[in-house]
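Dear colleague,

Please find below the structure that I am handing over to you, together with its sequence. My notes on what was found in it follow directly after.

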Amino acid sequence: MLSLKVSGMTCGGCINAVTRAIQAQDPQAKVRVDLAGQTVDLETTLSLDLARQLITDAGFPVAQ
């Protein structure tokens, strides 16, 4: 399980964008987005660095 602090997410579209970005590389990934807490929890086989990069590429900065 990875837990990332992600900024800029405000709506369902943001949730879909983050979910699609992760599941494009790991279709079996479970993605939970908390808009209020600005966090994304992932159950995935992806590395932490790749998950960060995918979310950042989708337009949402990930805190280090």
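In helix H2 (residues 48-57), Ala51, Arg52, Leu54 and Ile55 are buried; buried here means under 20% relative accessible area, exposed means over 50%, and partly exposed covers what is in between (1.4 Å probe, protein chains only). Seen down the axis of H2, these buried residues fall within an arc of 165°, so they line one face of the helix; the arc is that of the directions from the helix axis to the C-beta atoms. Asp49 and Asp57, on the other side of H2, are exposed. Helices (H or I, at least four residues) and strands (E, at least two) are DSSP runs, numbered from the N terminus.

Please note that this is a predicted model, in which local features need pLDDT of at least 70 and side-chain atom pairs count only at pLDDT 80 or more, while totals for chains, interfaces and linings use all residues. Residues are numbered from 1 along each chain as its sequence is written, and side-chain values use heavy atoms, with hydrogens and water left out.

The partners of the buried residues of H2 are strand E1 (2-5), helix H1 (12-25) and strand E3 (39-43), contact being defined as heavy atoms within 4.5 Å. After H2 comes Gly59, which has a positive phi, near 105°. Gly59 is exposed, with a relative accessible area of 52%. Its C-alpha atom is separated by 9.3 Å from that of Met9, although the two are 50 residues apart along the chain.

Turning to the interior, the largest nonpolar core has 18 residues, and those with the most contacts inside it are Val6, Ile22, Val40, Leu42, Ile55 and Phe60. At least two residues of this core are supplied by each of E1, H1, E3 and H2, and the largest share, four residues, comes from H1. A nonpolar core is a set of buried Ala, Val, Leu, Ile, Met, Phe, Trp, Tyr and Cys residues joined through side-chain atoms within 4.5 Å. Leaving aside neighbours within four places in sequence, the residues in contact with Val6 include Val40, Ile55 and Phe60.

How are the strands of the sheet ordered? Three strands form an open sheet in the order E1-E3-E2, with antiparallel pairing; two strands pair if DSSP finds at least two bridges between them. E1 and strand E2 (30-34) stand at the edges with a single partner strand each, so one side of each is left without a neighbour in the sheet. From one strand to the next, the twist averages 15°. Four bridges pair E1 with E3, and Leu4 stands opposite Val40 in E3. E2 and E3 are joined by five bridges, with Arg32 having Asp41 in E3 as its bridge partner. These two strands form a hairpin with four residues between them, and Gln38 in the turn has a positive phi of about 55°.

As for the helices, H1 lies across E2 and E3 and runs at about 155° to E2. H2 packs on the sheet, where it touches E1 and E3, and its direction makes about 40° with that of E1. Axes are lines fitted to C-alpha atoms, for helices over the stretch in contact, and angles run from 0 to 180 degrees between N-to-C directions.

Finally, Thr19 lies in helix H1 and is buried, with a relative accessible area of 18%. A polar atom of the Thr19 side chain lies 2.8 Å from the backbone oxygen of Ile15.

With kind regards

Notes. Polar contact = N/O pair within 3.5 Å; in protein donor to acceptor, adjacent residues only side chain to side chain.
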